[in-house]
Amino acid sequence: MDIKQIQDLIRFVSKSGVNEVSIEQKDFKITIKTNEVQPQVISATIPAQTAPAALPLPLAAAAAAEPVVPAGPDTSKYLTIKSPMIGTFYRSASPDKPLFVNVGDEIKTGSVVCIIEAMKLFNEIESEVSGRIVKVLVDNASPVEYDQPLFLVEPI
């Protein structure tokens, strides 16, 4: 890396809000840490006012008052394509080009599924799995973090 790339990386880290980034190449390793103090969340307990004693509800009314949370879809059978870096996620090479993959498309290992732009470099992200795209987990042109899930893939 040259000094210009290192300066761009430092600016990117300071804007992104992460505290530490490490990059390792063949014979080069750099770690950038920011001195920003993470905001601390302070919680305080407020004493509750004593409420008058409530009359007991009939059993049917009490059961109806409990919210029913439906179980989400089972995603354990799907493989996940994750982001190998931090940057901005793009589903196509440019706004006027077709999307790399859509839900329902079959992909093979090595297929380009998206682009992640980091430090003004556009990196094609290739799939490490084969299967069918079930869900796109990130909106186009939105920031992604390292190891953030991007796609769910059903193995075939």
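Here's a walk through this protein chain, from its overall layout to its core and its largest pocket. Keep in mind that this is a predicted model, where local features need pLDDT of at least 70, side-chain atom pairs count only at pLDDT 80 or more, and totals for chains, interfaces and linings use all residues. Residues are numbered from 1 along each chain as its sequence is written, and side-chain values use heavy atoms, with hydrogens and water left out.

Let's start with the layout. The chain has two helices and ten strands, counted as DSSP runs (H or I, at least four residues, for helices; E, at least two, for strands) and numbered from the N terminus. Reading from that end, you get α-β-β-α-β-β-β-β-β-β-β-β.

Now look inside. Buried residues (under 20% relative accessible area, with a 1.4 Å probe and protein chains only) make up 24% of the 156 residues. The largest nonpolar core, meaning buried Ala, Val, Leu, Ile, Met, Phe, Trp, Tyr and Cys residues joined through side-chain atoms within 4.5 Å, has 15 residues, and Phe 89, Cys 114 and Leu 150 are among those with the most contacts inside it. Strand 6 (112-118), strand 8 (131-136) and strand 10 (149-154) each give this core at least two residues. There's also a second, separate core of nine residues, including Ile 6 and Leu 9.

Leu 9 turns up again at the largest pocket: along with Ile 23, Met 85, Ala 118 and Met 119, Leu 9 lies nearest the centre, among 16 lining residues. A pocket here is an open set of points on a 1 Å grid over the protein atoms alone, where a 1.4 Å probe fits, with protein on both sides within 12 Å along at least five of seven lines; lining residues have an atom within 4 Å of a point. Strand 1 brings the largest share of the lining, five residues.

How values were computed. Buried < 20%, exposed > 50% of the residue type's maximum accessible area, 1.4 Å probe, protein only.
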